[in-house]
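Please walk through this model one region at a time, with the structure open beside the text. The paragraphs below go from sheets to helices and end with two single residues.

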Amino acid sequence: MTEVSVSDPGASASRLVTPAALKIVDVRARTISHRLDGQGVRFGIGRAIKRDAVIVRVEADNGLVGFGEAHHALSPTTVAELVNTSLREIALGCDPTLIEDLWHRVYRYQIRSHGMGEGVYIALSGLDMALWDLTGKALGLPVCRLLGAAPKRFPAYAGGITLGYQEPSALSDELAGYVQRFGFKAAKLRLGDTAERDIARVRRIREDFGPDFAIMVDVNTAYDWVDLLRLLPALEELDVAWLEEPFPRRELDALAELRRRSKVPIAAGENHYGRDDMRELLGRRCIDVVQGDASKTGGISELKKISDLATLHRLRFAPHTSHTNLNYAATLHVMSASPVAYFFEAAGIRDNSFSEAAITAPLGIRDGYVETPDLPGLGVAVDEAALDGFAALPGAQNAG
Ligand SMILES: [Mg+2]
């Protein structure tokens, strides 16, 4: 008889605890929306008048449920429809724990040829996130541990739909409130108004919050070369930590040239989809800070690969975040598995009704830091009855 050693893979396999083969029995996406009070925040892509998110729910035949968030893409009900038709059909009957296999099934049938391109990446992001949540719950492990990493603590910056175009004193007052409440030592300002007014805003924040406060700026593609070259010397003088999305996503030559001319690090990636887009963005040396979004770029599976690309290129990884705790938690789990993770974007500090009322998670920001939830799956609790209070508002999120 052959003696079986403990290093024998066959022997180890017999000791593995695996979930019983599960099957996906339901996939459903719903749009949730709410209007913003007052005038909303004005920034480089218009004035935000409402908030939308697409919540994807996956159920397995043992009753376990996982949730994910797909970005609204400015057309939230269209994203939900894509999940509820094509992706649902592809996913039904598959094992929800075989995430990589299902991801590539969607890629093969919906992305690789024909298909709706980035729209499918966005829809797939919500499905992928829900699969990781469900698998973590099935195994009783947080997603970061499935990625081989312990939960970690990251510096956060005041971001999201905050700190828009307003008078410097009003901007400083708004930020002071966030700093007092959350202890932030970093914030991102919205630029793309006029170079003169933008410089006045950045200067005021530098003066009021001191030399050690990190200031990021986000142009949201609103400027041309003339504006940017007028702005750049002031951003360098004011020690800005990064300049985000100076140009639209396909302007890679312009991005690469700006990076060569700028002492301020360049950040982009929230509007780049999948490893193919990112490979080009990074390979052509366009940016310093990589910002893929787990709810847009292909989910947790793809964002992890993008963080690995950032590592290979010796770049920093500061993912963009979207509208609910599902995306925030997913981002923290992936950041936990990245040796080049930099800042967490605290987007939920204003107008965050979804997360406060229906999608809760232990993500308290204290002293400017946030921690990865150490709970099974994403570590997020979804109250589906409470979601009914956020009826879908079809249509674009920003006005002129
Ligand atoms: Mg941005």
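Helices and strands are here DSSP runs, with at least four residues for a helix and at least two for a strand, and they are numbered from the N terminus. What is shown is a predicted model, and every element named below is to be read in that light.

A good place to begin is an open sheet of three strands, in which the order is β1-β4-β5 and the pairing is antiparallel. Its edges are formed by β1 (24-35) and β5 (65-70), each of which pairs on one side only. On average, and with direction ignored, neighbouring strands of this sheet are turned by 20° against each other. The antiparallel pairing of β1 with strand β4, which covers residues 50-60, extends over eleven bridges, and within it Ala29 has Val56 of β4 as its bridge partner.

Which helices accompany this sheet? Helix α2 (residues 76-91) lies across β1, β4 and β5, and runs at about 175° to β1. Helix α4 (residues 118-139) also packs on the sheet, where it touches β1, β4 and β5, and its direction makes about 150° with that of β5.

A second open sheet of three strands has the order β2-β3-β17, again with antiparallel pairing. Here the edge strands are β2 (42-43) and β17 (398-399), and each of them pairs on one side only. Two bridges hold the antiparallel pair made by β2 and strand β3 (residues 46-48), and in this pair Arg42 stands opposite Arg47 of β3.

Further along the chain come strands that run parallel. Strand β7 (residues 186-190) is joined to β8 by five bridges, the two running parallel, and Arg190 has Asp218 in β8 as its bridge partner. Between these strands the chain passes from β7 through helix α7 (residues 195-209) to β8, in a β-α-β crossover that is right-handed. Strand β8 itself (residues 214-218) is mostly covered, with four of its five residues buried. From β8, three bridges lead to strand β9 (residues 242-244), and this pair is parallel as well. Asp218 takes part here too, with Glu244 of β9 as its bridge partner, while β8, helix α8 (residues 225-237) and β9 make up a right-handed β-α-β unit.

Helix α6 (residues 168-182) lends itself to a short piece of reasoning about length and sides. At 1.5 Å a residue, its 15 residues should span 21 Å, and because its end C-alpha atoms are 21 Å apart, the expectation and the model agree. Which residues of α6 are buried? Leu171, Leu175 and Tyr178 are buried, and they cover an arc of only 55° around the axis, which means that they sit on the same side of α6. An α-helix has 3.6 residues a turn, so residues three or four places apart point the same way. On the other side of α6, Ser169, Ala170, Asp173, Gly177, Gln180 and Arg181 are exposed. The cover over the buried residues of α6 includes β6 (153-158), β7 and α7. Just after α6, Gly183 adopts a positive phi of about 75°.

Two single residues complete the walk. Trp103 lies in helix α3 (residues 99-111). Is Trp103 buried or exposed? Trp103 is partly exposed, because 19 other C-beta atoms lie within 10 Å, whereas a buried residue would need 20 or more. Apart from its neighbours within four places in sequence, Trp103 is in contact with Asp128 and Ser301. The C-alpha atoms of Trp103 and Glu270, which are 167 residues apart along the chain, are separated by 20 Å.

Val264, by comparison, is found in the loop between α9 (252-261) and β10 (266-268). Val264 counts as buried because it has 24 C-beta neighbours inside 10 Å. Leaving aside neighbours within four places in sequence, Val264 is in contact with Leu232, Leu235, Glu236, Val240, Trp242 and Leu243. Val264 and Gln166 are 98 residues apart in sequence, and their C-alpha atoms are 24 Å apart in space.

Definitions and conventions
Residues are numbered from 1 along each chain as its sequence is written. This is a predicted model: local features need pLDDT of at least 70, side-chain atom pairs count only at pLDDT 80 or more; totals for chains, interfaces and linings use all residues. Two strands pair if DSSP finds at least two bridges between them. Axes are lines fitted to C-alpha atoms, for helices over the stretch in contact, and angles run from 0 to 180 degrees between N-to-C directions. Two residues are in contact if their C-beta atoms, placed from the backbone, lie within 7 Å. A residue is buried if 20 or more other C-beta atoms lie within 10 Å of its own, exposed if 12 or fewer, and partly exposed in between; C-beta atoms are placed from the backbone. A crossover is right-handed if, with the strands pointing away from the viewer, the path from the first strand over the helix to the second runs clockwise. The expected span of a helix is 1.5 Å times one less than its number of residues. The arc is that of the directions from the helix axis to the C-beta atoms.
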